[in-house]
Amino acid sequence: MNPVRPGDPGATRACPHCRETILESAMVCPECRHHLRYGASTDAPSAPALTPLLIEGNIRHPPDADPWEYTVVVSIRDDLGVEIARKLIGVGAITANEQRSFTLSVEATPTKGKLPGKGGTRH
């Protein structure tokens, strides 16, 4: 968890279903996709999520080559290039004529409130 106070933009909590660290404001866990707030207040409709980054691609193994092993790693860097998070997503192997598809998306939701600190961004 991070040191941001509950209710502040960027505050996190553990999903009660999969225990992954998620944003406190999440209505659905992005990891296990369980709904988290059935009785949430509807007096202020939440803003739709934006997708400022979406990358899709695939790899196909050549028919006449030895098997490949692959590792999927995602890292997040701040504006100074300092790595603030790194996560191993998965590993596997691919053999002749097999294909794997990969999608990376970053969803952003506008929030009300001010971030703690110097007014910069929070990871």
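This is a guided tour of one chain, with a selection to make at each stop. The model is predicted.

**Stop 1: the whole chain**

Show the chain as a cartoon and colour it by secondary structure. There are six strands and zero helices, so the order of elements from the N terminus reads β-β-β-β-β-β. Next, switch to a surface view. The accessible surface of the chain is about 9800 Å², and carbon and sulfur atoms account for 53% of that area. Of the 123 residues, 11% are buried. Contacts can be displayed as well: among those between residues at least 6 apart in sequence, 43% join residues at least 24 apart.

**Stop 2: Arg19 and Glu20**

Select the loop between strand E1 (12–14) and strand E2 (21–23), where Arg19 is found. Most residues other than glycine have a negative phi. Arg19 has a positive phi of about 70° and is not a glycine. With a relative accessible area of 58%, Arg19 is exposed, because the cut-off for exposed is over 50%.

Now add Glu20 and Lys87. What do Lys87 and Glu20 form? The two make a salt bridge, and their closest N and O atoms are 3.8 Å apart. Glu20 belongs to the loop between E1 and E2, while Lys87 lies in strand E5 (residues 83–94), so the bridge ties together parts that are 67 residues apart in sequence. Both ends are partly exposed: Lys87 has a relative accessible area of 42%, and Glu20 has one of 29%.

**Stop 3: Glu31 and Arg33**

Keep Glu20 on screen and select Glu31, in the loop between E2 and E3. Glu31 is exposed, at 53% relative accessibility. Which residues does Glu31 touch, not counting residues up to four places away in sequence? They are Cys18 and Glu20. A distance label between the C-alpha atoms of Glu31 and Glu20 should read 7.1 Å; the two residues are eleven apart along the chain.

Then move to Arg33, in the loop between E2 and strand E3 (50–60). Arg33 is a residue other than glycine with a positive phi, near 65°. Its relative accessibility is 67%, which counts as exposed.

**Stop 4: the aromatic pair**

Select Tyr70 and Phe102 and show their side chains. A search of the whole structure finds one aromatic pair, and these residues form it: the ring centres are 5.8 Å apart and the planes stand at 80°, so the pair is edge-to-face. The angle decides the label, because planes over 60 degrees apart count as edge-to-face. Tyr70 is in strand E4 (residues 68–77) and Phe102 is in strand E6 (residues 99–108), so the pair links parts 32 residues apart in sequence. Phe102 is partly exposed, with a relative accessible area of 29%.

**Stop 5: more salt bridges**

The structure holds four salt bridges, one of them being the Lys87 and Glu20 pair from the second stop. For another, select Arg86 and Glu83, whose side chains meet at 3.4 Å, N to O. Arg86 is exposed, with a relative accessible area of 58%, whereas Glu83 is partly exposed at 34%.

Select Glu98 and Arg100 next. Their salt bridge has its closest N and O atoms 3.7 Å apart. Glu98 is partly exposed at 30% relative accessibility, and Arg100 is partly exposed with a relative accessible area of 24%. Finally, add Arg77 to the selection of Glu83 and Arg86: salt bridges that share partners join these residues into one network.

**Stop 6: the nonpolar patch**

Return to the surface view and colour Leu53, Ile55, Val74, Ile76, Leu80, Val82, Ile84, Ile89, Leu104 and Val106. Together they form a nonpolar patch on the surface, with about 820 Å² of accessible area. Which elements give two or more residues to the nonpolar patch? They are E3, E4, E5 and E6.

End the tour on Leu80, one of the patch residues. Leu80 is located in the loop between E4 and E5. Is Leu80 buried or exposed? Its relative accessible area is 72%, so Leu80 is exposed.

Note on methods:
Residues numbered from 1 in each chain as written. Heavy atoms only, no water. Helix = DSSP H or I, 4+ residues; strand = E, 2+ residues; numbered from the N terminus. Buried < 20%, exposed > 50% of the residue type's maximum accessible area, 1.4 Å probe, protein only. Contact = heavy atoms within 4.5 Å. Areas by Shrake-Rupley, 256 points an atom, 1.4 Å probe, with all protein chains shown as cover. Phe/Tyr/Trp six-rings, centres within 6.5 Å; stacked < 30°, edge-to-face > 60°. Patch = residues over 30% accessible without salt bridge, like charges linked within 9 Å, V, L, I, M, F, W, Y side chains within 5 Å.
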